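These are my notebook entries on a structure I had not looked at before. I wrote down each thing I looked up in the order I came to it.

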Amino acid sequence: MSRVVDKAQLTIFGTDARRRVRDRLLSWPDLDKKAQRLQRLIEQDREALRHLDDQIHSYMIPKYETMDMPGGQGVSDKVGNLVARLADKRDELHLSIMENELRLHDLKRDLNVIEMAVNELNPFHAEIVRRYYLRKERWESTCVQMRIQKSRFYEVLAEVLDVLGDQL
């Protein structure tokens, strides 16, 4: 019995196409984590951008208390320099947001390709792939919960890697 399992395990990792598909499936959790991290970073940058916009706006609107006072050239230059630095920081944040949104879009596209390929499998195979590759559950718990033997588990994985070879 263990020889059959060993052969099944060997066939899973036997070909370059299977290895490529396996690596792509194994990358899903990391891609998902990166996408979530980028989403949080984009939200933080957007919040900082809103804060900078408020600061720029507050410096550009004359204060009621100083409206009647004669303004010196030095105060105006300081405020102008401050607003210019804030505007530069705003531009940097805006560029960072756009770059991160592009990266996030690419990550989500990769995640969707993998998810669509898995969804096209028959439900039994798809569930095994989701548990083993996407959720990174151990093969033992998958076998127990799905009531299959270890050899059948590895046979299914080998079949799935062959089927997904063209799609991933």
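**Entry 1: salt bridges.** I began with the charged side chains of this predicted model, and the count came to 16 salt bridges. I kept in mind that side chains of opposite charge can pair when their charged atoms come close.

I then looked up a few of these pairs one by one, starting with Glu47 and Arg50, which form a salt bridge whose closest N and O atoms are 2.9 Å apart. Both residues belong to helix H3, which covers residues 28-60, and they sit three residues apart, about one turn of the helix. Glu47 is partly exposed, since its relative accessible area is 45%, and Arg50 also counts as partly exposed, at 43% relative accessibility.

The next pair I noted was Arg109 with Asp106, a salt bridge in which the closest N and O atoms are 3.2 Å apart. Here the two partners lie in helix H4 (residues 73-119), and again the spacing is three residues, about one turn of the helix. I found Arg109 partly exposed at 44% relative accessibility, while Asp106 is partly exposed at 35%.

The third pair was Glu137 and Arg131, which form a salt bridge with the closest N and O atoms 3.4 Å apart. What is the relative accessible area of Arg131, and is the residue buried or exposed? The value is 13%, and because buried means under 20%, Arg131 is buried. Its partner Glu137, at 23% relative accessibility, counts as partly exposed. This pair belongs to one network, in which salt bridges that share partners join Glu127, Arg131, Arg135 and Glu137.

**Entry 2: the chain as a whole.** I next stepped back to the secondary structure and found seven helices and zero strands in the chain, so that, by the way helices and strands are assigned, the pattern read along the sequence is α-α-α-α-α-α-α. The chain has 168 residues, and buried residues make up 30% of them. Of the contacts with a separation of 6 or more, 77% are accounted for by residues 24 or more positions apart.

As one example of residues distant in sequence, I looked up Glu99 and Ile42, which are 57 residues apart in sequence and 9.6 Å apart in space, C-alpha to C-alpha. Glu99 is found in helix H4, and at 39% relative accessibility Glu99 counts as partly exposed.

**Entry 3: the nonpolar core.** Which residues have the most contacts inside the largest nonpolar core? They are Leu25, Ile114 and Leu164, in a core of 37 residues. The elements that give two or more residues to this core are helix H2 (16-26), H3, H4, helix H5 (123-134), helix H6 (139-146) and H7, and the largest share, 10 residues, comes from H4. I followed Ile114 further and, leaving aside residues up to four places away in sequence, found that Ile114 touches Arg24, Leu25, Ser27, Trp28, Leu31, Leu134 and Leu168.

**Entry 4: helix H7 and its neighbours.** I checked the length of H7, which has 14 residues (150-163): at 1.5 Å a residue the helix should span 20 Å, and its end C-alpha atoms are 20 Å apart, which agrees. Among the buried residues of H7 I listed Phe153, Tyr154, Ala158 and Leu161.

I then turned to how the helices pack, bearing in mind that two packed helices are described by the angle between their axes and the distance between the axes. The axes of H6 and H7 come within 10 Å and cross at roughly 105°, which makes H6 roughly perpendicular to H7. In this pairing, Trp139, Thr142 and Cys143 of H6 meet Lys150, Phe153 and Tyr154 of H7.

For H2 and H7, the axes come within 9 Å and cross at roughly 100°, and these two helices are therefore roughly perpendicular to each other. The residues that meet are Arg18, Val21, Arg22 and Leu25 in H2 with Ala158, Leu161 and Asp162 in H7.

**Entry 5: H2 against H5.** My last look-up was the pair H2 and H5, whose axes come within 9 Å and cross at roughly 70°, so that H2 is roughly perpendicular to H5. On the H2 side Arg22, Leu25 and Leu26 take part, and they meet Val129, Tyr133 and Leu134 in H5.

Terms used: Residues are numbered from 1 along each chain as its sequence is written. This is a predicted model: local features need pLDDT of at least 70, side-chain atom pairs count only at pLDDT 80 or more; totals for chains, interfaces and linings use all residues. Side-chain values use heavy atoms; hydrogens and water are left out. Helices (H or I, at least four residues) and strands (E, at least two) are DSSP runs, numbered from the N terminus. The expected span of a helix is 1.5 Å times one less than its number of residues. Buried means under 20% relative accessible area, exposed over 50%, partly exposed in between (1.4 Å probe, protein chains only). A salt bridge is a side-chain nitrogen of Lys or Arg within 4 Å of a carboxyl oxygen of Asp or Glu. A nonpolar core is a set of buried Ala, Val, Leu, Ile, Met, Phe, Trp, Tyr and Cys residues joined through side-chain atoms within 4.5 Å. Contact means heavy atoms within 4.5 Å. Axes are lines fitted to C-alpha atoms, for helices over the stretch in contact, and angles run from 0 to 180 degrees between N-to-C directions. Angles under 35 degrees count as roughly parallel, over 145 as roughly antiparallel, 65 to 115 as roughly perpendicular and the rest as oblique.
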